[in-house]
Amino acid sequence: MKYFLLISYIFLSSVLFGTEVHIFGNAKTYSGNELIFYKYSDRITFLKEQLFTIEIDAEGNFDTKFEINEITYVFGEFGVYHAYFYAEPGGEYEILLPEFDEKDEKDLFNPFFEPEAVHLGIKGMKNTDLNYLIIDFDYYFFRYLDLNYLEIYSGGLSSDVDTFINNIDLHYKDIDNQYFNEYKRYRIAALKNIATQKQYEKALVYAYFTKAPVLYDNPAYMELFNNIYADYFDEYLTGQNGATLYAIINYGHSISRLKKLLNQNFELKGPQFRELVILKGLNDAFANKNLPWLPLLLTLDSVYLSTKFPLHQKIAQNIADNSLSMATGTIAPPFELPDTADNMKELYDFRGKYVYLHFANTKTYTSQTEFGLIKNLYERYKGICIFITILTDEDKEAARKFITDNELHWQFLFTEINSKVISSYNVVTYPTYYLIDADGTLLMSPAPSPCDNFETYFFKLVGGNEGGFGNQNDDK
């Protein structure tokens with residue numbers, strides 16, 4: 001039996017009629033492009049929600065409006081940039097995009113590539129505007145941290161960290177902007193935590209989190225929170241009450257017992273904050289796999305159904321969606337893509353046989369070397385398994401020539417490198433493989449590559465099936 005969180009819940013704090021924000025400007029190096037801007041659905045899963053797009057005309061002009069109901073961290077990811085700014089309800093922003101700089105080929109296929117974070121300029125900013133204040137503060141704060149990190153960490157409070165904190169507090173003492181003051185407060189709290197080498201972390205949590213409001217979309221608040229409570233349940237398992245935590249999650253799935261256990265910690269007395277810690281703990285536990293995923297899901301479902309905080313339902317749903325996406329035993333995401341003859345093919349078209357799904361790009365060395373291995377597998381198993389390669393090559397004609405020249409006879413489809421199917425299948429390296437069963441369920445996610453003994457696993461799985469390998473029908 002499979003358990004799913006309810007998905008029909010409409011998030012209560014999403015006001016039907018937000019306040020309009022106006023974005024405009026000119027960026028000639030982006031002429032003819034469409035840029036998508038997002039917000040984070042939450043800062044535990046960091047799932048993205050599309051907010052608006054800007055269509056840039058031939059002269060570089062763009063002009064659009066969107067609605068929000070609170071100060072929102074807005075970002076776009078294009079070229080080598082993660083470009084962001086803070087939008088306020090009712091705001092009007094003439095934004096200044098950085099000169100366009102496209103990723104080169106090595107960046108496109110580098111799973112460790114990190115985009116350059118750029119706080120977008122805004123024409124005509126006043127020195128009291130939120131974006132100006134954060135840009136100004138970040139310059140001084142991160143410059144100090146970069147230059148003095150080792151001294152702060154090793155010297156602690158005997159370093160000049162207190163002097164820096166006093167000076168920066170004095171510099172912004174007359175600023176009457178609640179969002180900025182909270183941002184500054186939690187950046188400084190993070191600095192104190194570094195300087196004390198986390199020795200007084202529980203006291204810091206009590207001072208900055210326990211009785212303070214939860215600031216779900218304030219990056220400084222949530223970065224410190226995520227740092228303090230990273231892998232919380234996994235570390236808890238190694239402590240004095242680890243066996244109790246394991247039993248509560250693995251056997252009882254009782255959110256009330258879990259809250260009661262954590263309530264023993266003085267810094268987790270606040271119900272809203274304590275529940276946020278539980279959500280963070282569950283989220284990280286899915287990735288670390290020290291606890292079985294089904295009990296984790298059932299515990300998460302208990303949070304979803306019992307919480308009094310609407311945003312926690314949304315976070316719980318996001319954790320479930322994120323954690324179960326591409327999990328073995330779940331349904332493989334559907335797709336509809338063109339083949340080498342530009343005929344549209346759906347994943348559903350291949351139901352009834354195993355599918356060895358392969359994401360590749362003919363320009364990458366690893367992909368090139370593994371096509372020959374897939375060719376051998378295809379010849380041996382094409383009677384019971386359909387082989388599908390989804391290519392992200394920009395030059396489709398060159399890719400078709402590569403397929404023909406190398407006599408590759410299985411099913412090839414095409415998609416964009418930033419397409420929905422790539423994100424749905426969590427493809428970050430090329431090649432990437434999945435094995436899907438006859439009913440469309442993920443059997444191996446990800447699956448081993450041909451050079452990682454996929455054939456051994458596959459033979460054990462289907463070697464005794466009726467029909468064996470004698471049926472050599474082509475699946476093209």
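Both K280 and D284 turn out to be buried, at least in this model, which is predicted rather than determined by experiment. The two residues also make a salt bridge, and their closest N and O atoms sit 3.2 Å apart. Their spacing along the chain is easy to picture: K280 and D284 are four residues apart in helix α10, so about one helical turn separates them.

Another pair brings together two helices. R380 forms a salt bridge with E455, with 2.9 Å between the closest N and O atoms. Here R380 belongs to helix α13 (residues 365–381) and E455 to helix α16 (residues 454–462), so this contact ties together parts that are 75 residues apart in sequence. As for exposure, R380 has a relative accessibility of 40%, so it counts as partly exposed. E455 comes out at 27%, so it too counts as partly exposed. Elsewhere, K39, E49 and K314 are joined into one network by salt bridges that share partners.

How many salt bridges does the structure hold? The total is 17. One of them links E275 with K259, and the closest N and O atoms of this pair are 2.7 Å apart. E275 is part of helix α10 (residues 271–288), while K259 is part of helix α9 (residues 255–262), so the bridge ties together parts that are 16 residues apart in sequence. With a relative accessibility of just 2%, E275 counts as buried. As a general point, side chains of opposite charge can pair when their charged atoms come close.

Charge also shows up on the surface. A patch of negative charge gathers D101, E102, E116, E394, D395 and E416. Where in the chain does E102 lie? It is found in the loop between β7 (92–96) and α1 (105–108). E102 is partly exposed, and its relative accessible area is 47%.

That leaves the cysteines. A disulfide is a covalent bond between the sulfur atoms of two cysteines. To be counted as one here, a pair of cysteine sulfur atoms has to be within 2.5 Å, and by this rule the count is zero. Why does C385 not take part in a disulfide? The closest cysteine sulfur to that of C385 is in C451, and it is 17 Å away, which is too far for a bond. Seen from the other side, C451 has its closest cysteine sulfur in C385, again 17 Å away and too far for a bond. C385 is also buried, with a relative accessible area of 0%.

Terms used. Residues numbered from 1 in each chain as written. Predicted model: local features only at pLDDT ≥ 70, side-chain atom pairs only at ≥ 80, totals over all residues. Heavy atoms only, no water. Buried < 20%, exposed > 50% of the residue type's maximum accessible area, 1.4 Å probe, protein only. Patch = residues over 30% accessible without salt bridge, like charges linked within 9 Å, V, L, I, M, F, W, Y side chains within 5 Å. Areas by Shrake-Rupley, 256 points an atom, 1.4 Å probe, with all protein chains shown as cover. Salt bridge = Lys/Arg side-chain N within 4 Å of Asp/Glu carboxyl O. Lys, Arg positive; Asp, Glu negative; His and termini not counted. Charge placed at Lys NZ, Arg CZ, Asp CG, Glu CD.
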